[in-house]
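Here are my notes on the model, set out point by point. They start with the sheet and then turn to the helices.

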Amino acid sequence: MLVAMAGLPGSGKSAVAEQVAARLAMPVVSVDPIESAILSAGIDAGQPTGLAAYLVAERIAEAVLRSRQSLIVDAVNAVQPAREQWILLADRYGVEVRFLEVVCSDRDVHRARLEQRRRDLAHIAEPSWYAVEESLDEYAPWSGLAEQRPRLTLDTVNPLPAVVDSAVAFLRS
């Protein structure tokens, strides 16, 4: 199975992905550290490093699927082409893809989490609350191929253990 995370920065995607991965013994391929590594290699930040990171994550995910293992891809996946990237990859390997969409329904909690977050990713600044609000405007509705695939929306205003329990139950169903 390929599990694709989706959600705005600071919503709790990585925390959920890490906990679910630990419970289900799945590796996590995360786009942000890949982009950090690309930038650390000296690639100019004016280049499409975000796209490059998604493509590198896809190649890593492909290797995991080729070895017949399940995995979680931790990325914003805010637009249809990003979501369909994972669907097409899963289809190529004949595995199921499921989406875990992570939201934080309390704007104050979301903002506080974002402002307190320190990931120590070289060359990648933490996004401002303003940038996240702008991202919300660009966050595409679920449609096309992605709309037809199983998706669970998780609200991280709830306690993390309960959110993870829901995610695990969804992935095991």
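1. Two strands are taken to pair if DSSP finds at least two bridges between them. The model is a predicted one, and on that criterion 5 strands form an open sheet with the order S2-S3-S1-S4-S5. The pairing in this sheet is parallel.

2. Which strands lie at the edges of the sheet? They are S2 (28-30) and S5 (151-155), each of which pairs on one side only. From one strand to the next, the twist averages 20 degrees.

3. S1, residues 2-6, has S3 (residues 71-74) as a parallel partner, joined by 3 bridges. Within this pair, Ala4 has Val73 of S3 as its bridge partner. S1 also pairs with S4 (residues 97-103), again in the parallel sense, over 5 bridges; here Val3 is matched with Arg98 of S4.

4. Is S1 enclosed or open to its surroundings? All 5 of its 5 residues are buried, so S1 is largely enclosed by the rest of the structure. In a regular strand, side chains alternate between the two faces of the sheet. Both faces of S1 are covered: Leu2, Ala4 and Ala6 are buried on one side, and Val3 and Met5 are buried on the other.

5. S4 and S5 run parallel and are joined by 5 bridges. Glu101 stands opposite Thr153 of S5.

6. Two helices pack on the strands described above. H1 (residues 13-24) lies across S1, S2, S3, S4 and S5, and runs at about 170 degrees to S3. H3 (residues 49-66) packs on the sheet as well, where it touches S1, S2 and S3. The direction of H3 makes about 175 degrees with that of S3.

7. H1 also packs against another helix, H8 (residues 160-172), at an angle of about 55 degrees and with the axes 9 Å apart. Angles under 35 degrees count as roughly parallel and 65 to 115 as roughly perpendicular; H1 and H8 are therefore oblique to each other. The crossing of H1 past H8 is right-handed.

8. Which residues make the contact between H1 and H8? H1 contributes Ala15, Val16, Gln19, Val20, Arg23 and Leu24. From H8 come Leu160, Val163, Val164, Asp165, Ala167, Val168, Leu171 and Arg172. By class, the residues of this contact are 10 nonpolar, 1 polar and 3 charged.

Conventions: Residues are numbered from 1 along each chain as its sequence is written. This is a predicted model: local features need pLDDT of at least 70, side-chain atom pairs count only at pLDDT 80 or more; totals for chains, interfaces and linings use all residues. Side-chain values use heavy atoms; hydrogens and water are left out. Buried means under 20% relative accessible area, exposed over 50%, partly exposed in between (1.4 Å probe, protein chains only). Helices (H or I, at least four residues) and strands (E, at least two) are DSSP runs, numbered from the N terminus. Axes are lines fitted to C-alpha atoms, for helices over the stretch in contact, and angles run from 0 to 180 degrees between N-to-C directions. Angles under 35 degrees count as roughly parallel, over 145 as roughly antiparallel, 65 to 115 as roughly perpendicular and the rest as oblique. A crossing is left-handed if the near helix is turned anticlockwise from the far one by less than a right angle, and right-handed if clockwise. Contact means heavy atoms within 4.5 Å. Ala, Val, Leu, Ile, Met, Phe, Trp, Tyr, Cys and Pro count as nonpolar, Asp, Glu, Lys and Arg as charged, and the others, Gly among them, as polar.
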